[in-house]
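Got the model open in your viewer? Let's take a short tour, one selection at a time.

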Amino acid sequence: MSATQFFIDASRCIGCKACVQACGECETHRGMPMIHLEEMDRGSTVQTAPVVCMHCEDPTCAKVCPADAIKQDALGVVHTASKPRCVACSNCVLACPFGVPKMPGKFELMMKCDMCYDRTSVGKKPMCATVCPSGALYFGDESYIAEFRREVPVNTFSFGKQIVKTKVFMMAAPLTPRINVDMAVLCGFQNEKAEAIGFHHQDMAEESVWNDLPFRKPAREKEVVS
Amino acid sequence: MATLPTTAEILLKDFGPRPAYPALDPLYGQTPDKLVKTHCCFCGVQCGIQLKVKNNQVIGFEPWEEFPVNKGKLCPKGIKRYVQNNHPDRLLHPLIRGEHGFVETSWDKAYERTTTAIQEIQSKYGKDAFAFLGGASMTNEKAYLNGKFARIALGTANIDYNGRLCMVSAGAANKMAFGVDRAANPWSDIPLAKALILAGTNIGECFPILTDYIWRARDNGAKIIVIDPRITPIGRTADLILPVKPGRDSALANGILHALIKEDLLDRDFIARHTTGFDKVEELVENYTPEKVEEISGVSRKSIYRAAEIWGEAPTAMLLHARGIEHHTKGVENVLSYINIVLGTGKIGRPGCGYGTITGQGNGQGGREHGQRCNQLPGGRDINHPGHRQEVSEYWGIPEAELPGQGLTACEIIDAIEAGKIKGLLSISFNPLVSIPDSNRTKKALDKLEFLGCIDFFLSETAQHADVVLAGSLQEEDEGTVTNGEGRCIRLKQSITPPGNAKVDWQIICDLGKRLGKEKYFDFKNPGEIFTELTGISANAPVDYSGMSYERLEKEMGLFWPCPSPNHPGTPRLFEGGKFFHPDQKAKFFGYEYRAPAEDVDADYPLFFTTGRVVSQYLSGTQTRRIGELVDQYPEPLCEIHPLMAAKLGVKDKMPVRVITRRGEMVVPAQVVTTIRPDTVFVPYHWAGKKAANQLTNRALDPISKIPEFKVCACRVEKV
Ligand code: SF4
Ligand code: SF4
């Protein structure tokens with residue numbers, strides 16, 4: 001894993017939409033944000049979650065594309081469909097396990113987050129992760145995350161039998177090896193039943209996981225003096 | 001004569017607010033001529049930002065990652081702020097009220113009309129019959145100039161500013177407790193705290209950048225306590241939420257102090273060495289048992305004890321608060337009661353230990369320091385202090401006897417207009433019709449004015465009632481300095497010059513001063529000269545900027561006051577070594593019995609009504625209601641109401657409800673959420689006319705600071 005990576009931590013998100021507003025400023029898809037900010041259920045919580053393209057190692061969207069329009073570059077970034085090839089069939093939109101690609105009617109072209117290729121290819125951070133006021137979107141050194149965050153980065157997901165490895169990391173409760181997106185959650189299986197099928201949802205981490213964290217952060221004090 | 005000059009429809013067509021979208025601008029997306037390193041105009045964080053400029057227009061932004069406060073981070077307001085530039089609603093010429101609406105006029109005629117009105121009103125009714133209202137979104141230079149203009153050119157005692165609606169109760173309390181009015185710590189102290197109390201501060205929406213500081217504290221093991229009648233984004237993952245009933249804050253603070261005493265978590269040594277007045281407070285809070293406080297505040301006794309434990313046991317801790325505890329008729333009492341918790345545990349004046357009010361307006365801190373308040377002279381001096389009066393008169397070169405005394409505060413000025421005592425008003429960057437409580441009365445008051453002049457860049461709802469509108473400048477069209485919420489004075493660079501015939505604000509004020517016969521006091525050639533005078537006059541004053549210069553501010557990315565000499569490094573953290581700013585260097589305890597809000601709930605009006613902000617809008621919305629993508633993010637006010645109450649009223653999500661108080665009513669869609677107390681409803685206040693939350697709020701004032709009680713009054717909600 002190279003040093004600079006993209007990390008998402010929805011537990012930090014404040015729903016401000018700075019990411020959405022900033023994404024819409026991009027020179028390559030002006031006025032059309034590619035990042036989505038999902039409201040979980042405003043009736044019961046202010047929880048929101050940002051969704052960028054996870055840039056899968058073996059992208060499902062590309063696999064289901066009949067026109068071979070979706071390409072992954074040497075850095076592992078999965079790009080918006082190439083205009084001359086895309087037949088606007090929406091297979092990718094339906095197949096993506098994370099719900100990322102969109103098919104804006106007026107363009108008849110699959111469009112999605114390319115991790116700000118214009119910026120990252122010249123050594124800058126993606127726009128959303130630059131502006132995000134909460135650190136919910138973080139682009140930077142993996143060692144920073146390892147040293148300062150309580151949560152752990154995870155980039156393996158299972159959707160039923162499909163295991164997906166991604167370039168982008170999600171922060172999860174300590175000791176979470178993999179995020180299982182499972183019908184068990186939706187069907188309301190809890191604790192014992194969930195344990196039996198290896199389910200570790202973020203909210204289900206034992207409180208002790210947080211309390212027993214070793215806070216080994218003296219270096220921090222230096223870092224914040226400005 | 002300040003009724004509308006023409007129909008609301010025509011005003012809307014000619015002046016907006018119309019939401020603008022950048023994509024429609026032909027320059028949008030082109031390669032900029034230059035990038036200007038400056039700051040956002042939309043809150044007291046004052047994020048560093050680079051503005052893209054082409055052909056004397058701001059066409060976009062680029063993050064500025066080197067600026068230490070925000071390191072490139074921005075909220076949606078900062079990202080879209082550039083859209084206010086090159087806007088179809090922008091005032092390009094001075095306007096004068098005609099028979100059938102506003103007509104463009106020359107500066108000469110506009111000035112002439114303004115100065116004639118000032119002179120006529122003042123000779124007929126006396127100097128104080130003409131008032132001046134300023135704002136805390138303007139630079140330090142303009143805040144200073146406003147004060148000087150009102151005192152010397154107008155000779156009126158009645159100058160005040162919209163910060164009176166903002167955090168003056170905290171400012172007054174800070175002066176009483178600490179002898180100085182400034183956040184005690186740089187924000188870089190926040191991640192060092194092991195416990196945080198966030199009282200009445202919706203940081204995620206109103207001060208978004210601080211979120212990262214708070215989360216970094218949590219990464220570091222800090223426990224977070226949030227006190228709020230709503231679960232706001234910063235409260236969602238807090239360790240402890242104290243869902244206080246609106247208007248009960250001082251009781252809750254007394255209860256927490258009581259628990260700290262019972263649990264023996266005070267720093268008795270600190271109290272003895274560095275404070276006075278604790279005995280009386282200890283005696284007072286003896287009565288505030290968590291059981292009793294649970295009754296008053298609706299916060300469970302268990303939570304009160306838990307809060308005391310978390311705060312008291314943490315080796316370092318910081319307390320931050322904002323309008324939630326300040327916007328009350330006992331705003332000063334609330335703040336002082338919370339300060340008692342900080343002082344009693346000695347958690348101040350050290351890394352990771354301290355206190356601060358989170359100042360909401362762009363220059364909320366600096367705007368309140370340089371003399372545009374009715375009770376204040378430059379350098380944070382006191383207008384009633386003979387020595388201070390002498391120093392300022394001498395510096396300005398006027399006889400002390402000619403320096404007006406203390407005047408009325410902002411809301412009192414509106415009251416005095418309504419009572420027929422004030423006949424003329426000049427207002428800059430202030431939109432009282434939207435921002436002052438009880439807007440139906442504000443409107444009636446404006447109608448009584450013989451003359452209303454407004455300096456603004458857009459025709460605000462207040463300016464729609466004006467006789468003369470002087471087309472002023474947006475923040476990016478001028479240069480100067482502002483002082484952010486942590487007390488760091490920073491440099492604003494001019495990105496472009498004002499469009500059309502518009503002028504920079506300081507030039508307008510100086511021109512008026514000259515035409516009122518006071519040339520020599522307003523002979524400034526640029527904001528730099530005003531800054532030099534401002535820093536000079538602040539030498540040895542309570543708020544000392546005398547060691548600052550534009551060069552230093554730019555090079556050092558801002559300086560914290562006090563900064564008394566050119567080689568002084570500035571003072572990021574106050575009160576180190578327990579040294580406070582009172583003559584005896586000690587901090588003072590003030591204890592208060594809890595008292596009810598001016599208007600409490602009763603059988604007729606059984607619900608609490610409270611107001612606040614949303615992340616995509618700023619203050620009265622004069623700017624942000626004109627930025628399309630910010631409007632789309634939260635297009636109109638919603639009434640947050642708990643499902644239990646909604647069920648009782650037969651209301652479902654998105655259905656319109658009528659919210660009624662003794663002052664007015666409004667129809668607004670319900671947002672049914674479990675994130676608010678069932679006995680409370682919330683409506684954000686950024687909109688005008690029928691959508692204005694301030695039609696409903698109560699213009700009852702805090703006796704010391706004269707801040708109005710925006711955060712609590714009694715209402716009734718009906719299904720429409
Ligand atoms: S900018 Fe950050 S905090 Fe704001 S909505 Fe996006 S991810 Fe969440
Ligand atoms: S409004 Fe405040 S937080 Fe948002 S970008 Fe501007 S200064 Fe930063």
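Start by selecting residues 168–178 and 331–344 of chain B, which are helices α5 and α14. In this predicted model, their axes come within 8 Å of each other and cross at roughly 45°. Angles that are neither under 35 degrees, nor over 145, nor 65 to 115 count as oblique, so α5(B) is oblique to α14(B). Look at the handedness too: α5(B) passes α14(B) in a right-handed crossing.

Now turn on side chains. On the α5(B) side, pick out B:S169, B:A170, B:A172, B:A173, B:N174, B:M176, B:A177 and B:F178. They meet B:G331, B:V332, B:V335, B:L336, B:I339 and B:L343 from α14(B). Colour this contact by class and you get 11 nonpolar residues, 3 polar and no charged.

Next, zoom out and colour chain B by domain: domain 1 is 7–86, domain 2 is 95–162 + 388–478 + 500–543, domain 3 is 168–357 and domain 4 is 607–719. Draw a line between the C-alpha centres of domains 2 and 3 of chain B, and it spans 37 Å.

Stay in chain B and centre on ligand 2. What surrounds ligand 2? Four cysteines are there to click on, B:C40, B:C43, B:C47 and B:C75, along with others including B:F42, B:K77, B:P208 and B:I209. By class, this shell has 9 nonpolar, 2 polar and 1 charged residues.

Last stop: ligand 1. It has 14 residues around it, the closest being A:C13, A:C16, A:C19, A:C132 and A:S134. The shell around ligand 1 splits into 11 nonpolar, 2 polar and 1 charged.

Methods
Residues are numbered from 1 along each chain as its sequence is written. Chains are lettered from A and ligands numbered from 1 in the order in which they are written. This is a predicted model: local features need pLDDT of at least 70, side-chain atom pairs count only at pLDDT 80 or more; totals for chains, interfaces and linings use all residues. Side-chain values use heavy atoms; hydrogens and water are left out. Domain bounds come from an automatic or database domain assignment. Axes are lines fitted to C-alpha atoms, for helices over the stretch in contact, and angles run from 0 to 180 degrees between N-to-C directions. Helices (H or I, at least four residues) and strands (E, at least two) are DSSP runs, numbered from the N terminus. A crossing is left-handed if the near helix is turned anticlockwise from the far one by less than a right angle, and right-handed if clockwise. Contact means heavy atoms within 4.5 Å. Ala, Val, Leu, Ile, Met, Phe, Trp, Tyr, Cys and Pro count as nonpolar, Asp, Glu, Lys and Arg as charged, and the others, Gly among them, as polar. A residue is near a molecule or strand if one of its heavy atoms lies within 4 Å of it.
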